[in-house]
Amino acid sequence: VSGELPPTPGCSKSSAETGVRTKGLANRTYVLSVPSNYQASQKYALVFGWHGYGLDGYQMRSFMEKLEQLSESTAIFVYPNARNKAWDQSGSDFTFFDQMVNELSNQYCIDKSRISSVGFSNGAFFTNALAQNRPSMIHGIVSVAGGGGGGLPMQAMIIHGNQDRWVSFSSGAASISNWAHANGCSTAIDYSARGSCYYLSN
């Protein structure tokens, strides 16, 4: 996603709810965090945080609260709740994502060129699937302890522990290769070097 996009309907609304609360939408729920100093005259990035299996939106927010602070009130954060505590990578949760983007764009001033997705474990697998299925909507992703991904070029950060007991390290390595290939980058990485960080660019 790039270039200047037209203002969302929420940019013309004089007032909007701020703070952290649970919202309902189409028989689903999500946790919404809006800066206390929100102003409709400013466009905000929209960041989605997808929890791991068995967790919920508030727990995912606890993982990402530092990121909220670092955003310095330039972003609105969304932490959806999965049905049965797991994400559907075959379609229904893609629709849920569409519905949330639409609802929030009507309520808040959203910069649609800055919609990002962060996922942990099961949520990371979903984040990668979402990026593949909604590439025109997603600006970039962060996948923590997940797998999959690739497709059209996109900014991607892949984080995976090499001692992960639940999702194999090879899954994260494959995800790096998938996104490197999608972005035309080299994948010559020495995965035996513990604690290493690599920046891949074309």
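This report describes the overall fold, one helix and the aromatic contacts of a predicted model.

## Overall architecture

The protein chain holds four helices and seven strands, and from the N terminus onward these elements follow the order β-β-β-α-β-α-β-α-β-β-α. Its C-alpha atoms occupy a box of roughly 55 × 35 × 30 Å along the principal axes. A compact globule of 202 residues would be expected to have a radius of gyration near 17 Å, and the value for the protein chain, 17 Å, agrees with that expectation.

Of the 202 residues, 47% count as buried, while the accessible surface comes to about 10,200 Å², with 50% of this area belonging to carbon and sulfur atoms. Among the contacts in the protein chain with a separation of 6 or more, 64% are between residues 24 or more positions apart.

## Helix α3

Helix α3 comprises the twelve residues 122-133, and because each residue should contribute 1.5 Å, taken over one less than the number of residues, a span of 16 Å is expected; the C-alpha atoms at the two ends are 17 Å apart, which agrees.

This helix is mostly covered, since nine of its twelve residues are buried, namely N122, G123, A124, F126, T127, N128, A129, L130 and A131. The cover over these buried residues includes strands β3 (44-50), β5 (110-120) and β6 (140-144), together with helices α2 (92-107) and α4 (169-182).

## Aromatic pairs

The count of aromatic pairs in the model comes to eleven. One of them joins W50 and F97 in a tilted arrangement, with 6.5 Å from centre to centre and 50° between the planes. Because W50 belongs to strand β3 and F97 to helix α2, this pair ties together parts that are 47 residues apart in sequence. W50 has a relative accessible area of 0% and is therefore buried, and F97, also at 0% relative accessibility, counts as buried as well. Another pair, formed by F77 and Y79, is stacked, with 6.4 Å between the ring centres and 15° between the planes, and both F77 and Y79 are buried.

Ring pairs also link F48, W50, W87, F94, F97 and F126 into a cluster. Within this cluster, F126 is one of the buried residues of α3, and W50 and F97 are the partners of the tilted pair described above.

## A charge over a ring

Apart from the ring pairs, the model places R28 over the face of F96, at 4.1 Å from the ring centre.

Definitions and conventions
Residues are numbered from 1 along each chain as its sequence is written. This is a predicted model: local features need pLDDT of at least 70, side-chain atom pairs count only at pLDDT 80 or more; totals for chains, interfaces and linings use all residues. Side-chain values use heavy atoms; hydrogens and water are left out. Buried means under 20% relative accessible area, exposed over 50%, partly exposed in between (1.4 Å probe, protein chains only). Contact means heavy atoms within 4.5 Å. Rings of Phe, Tyr and Trp (its six-membered ring) pair if their centres lie within 6.5 Å; planes under 30 degrees apart count as stacked, over 60 as edge-to-face and the rest as tilted. A charge sits over a ring if NZ of Lys or CZ of Arg is within 6 Å of the ring centre and within 35 degrees of the ring normal. The radius of gyration is taken over C-alpha atoms; the globule rule is 2.2 Å times the number of residues to the power 0.38. Accessible areas come from the Shrake-Rupley method with a 1.4 Å probe; for residues, only the protein chains shown count as cover.
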